[in-house]
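Biologist: I am new to this model and would like a close look at a single part of it. Please take me through one buried charged residue and the helices around it, explaining each term as you go.

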Amino acid sequence: MRKYIEIFIAIAFLGYGLIRLGVGSALLGQELGIIDFQVFHAPVDEIGMFIAKSSERQIIPLSVSTYVGYIALMGLVLSIGALGVLRKLPSGLFLIGVFIVMYALLFVNFQTINPKAIHLGICVVLFGVLLWLKAVRRKVA
């Protein structure tokens, strides 16, 4: 049963990572003018307003393109980490941990807490379950 829980969590992380990678990449392409889809105009504008509103609180000032590029990078790291967990590679859990740190650093950089903190909290809990499952597997082996 533990194996199936681990697989389920890894697939959930993979899906979440691919969404972040896809959305971040699409918004980056929109911001850089590589693509132009009407559906991406509002999100890019909202991100720009958020960044402008928080510009004085940011520790490291970010542009819209840097922010969405960072989101895409987070998705890439999480996706590779999830694939690593599925393939039982030691780097898998490490990369998921790196993703969580990257996610937390966004809150630190913007010095704000918003509803997306719930996503981070869920990721931390799922990561904790993966770590626990790995520890249990070691004791059994």
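Modeller: What follows begins with Arg-20 and then turns to the packing of H3 and H4. The model is predicted, so local features need pLDDT of at least 70 and side-chain atom pairs count only at pLDDT 80 or more, while totals for chains, interfaces and linings use all residues. Residues are numbered from 1 along each chain as its sequence is written, and side-chain values use heavy atoms, with hydrogens and water left out.

Arg-20 sits in helix H1, which spans residues 2–32; helices here are DSSP runs of H or I with at least four residues, numbered from the N terminus. Arg-20 is buried and yet has no salt bridge, the nearest side chain of opposite charge being that of Glu-46, 13 Å away. Buried means under 20% relative accessible area, with a 1.4 Å probe and protein chains only, and a salt bridge is a side-chain nitrogen of Lys or Arg within 4 Å of a carboxyl oxygen of Asp or Glu. Lys and Arg count as positive, Asp and Glu as negative, and His and the chain ends are not counted.

Leaving aside neighbours within four places in sequence, the contacts of Arg-20 include Ile-71, Met-74, Phe-99 and Tyr-103, where contact means heavy atoms within 4.5 Å. Ile-71 and Met-74 belong to the H3 side, and Phe-99 and Tyr-103 to the H4 side, of the meeting between those helices.

H3 (residues 64–86) and H4 (residues 90–110) pack at an angle of about 155°, with their axes 6 Å apart. Axes are lines fitted to C-alpha atoms over the stretch in contact, and angles run from 0 to 180 degrees between N-to-C directions. H3 and H4 are therefore roughly antiparallel, a term for angles over 145 degrees.

Terms used: Helices (H or I, at least four residues) and strands (E, at least two) are DSSP runs, numbered from the N terminus. Buried means under 20% relative accessible area, exposed over 50%, partly exposed in between (1.4 Å probe, protein chains only). Angles under 35 degrees count as roughly parallel, over 145 as roughly antiparallel, 65 to 115 as roughly perpendicular and the rest as oblique.
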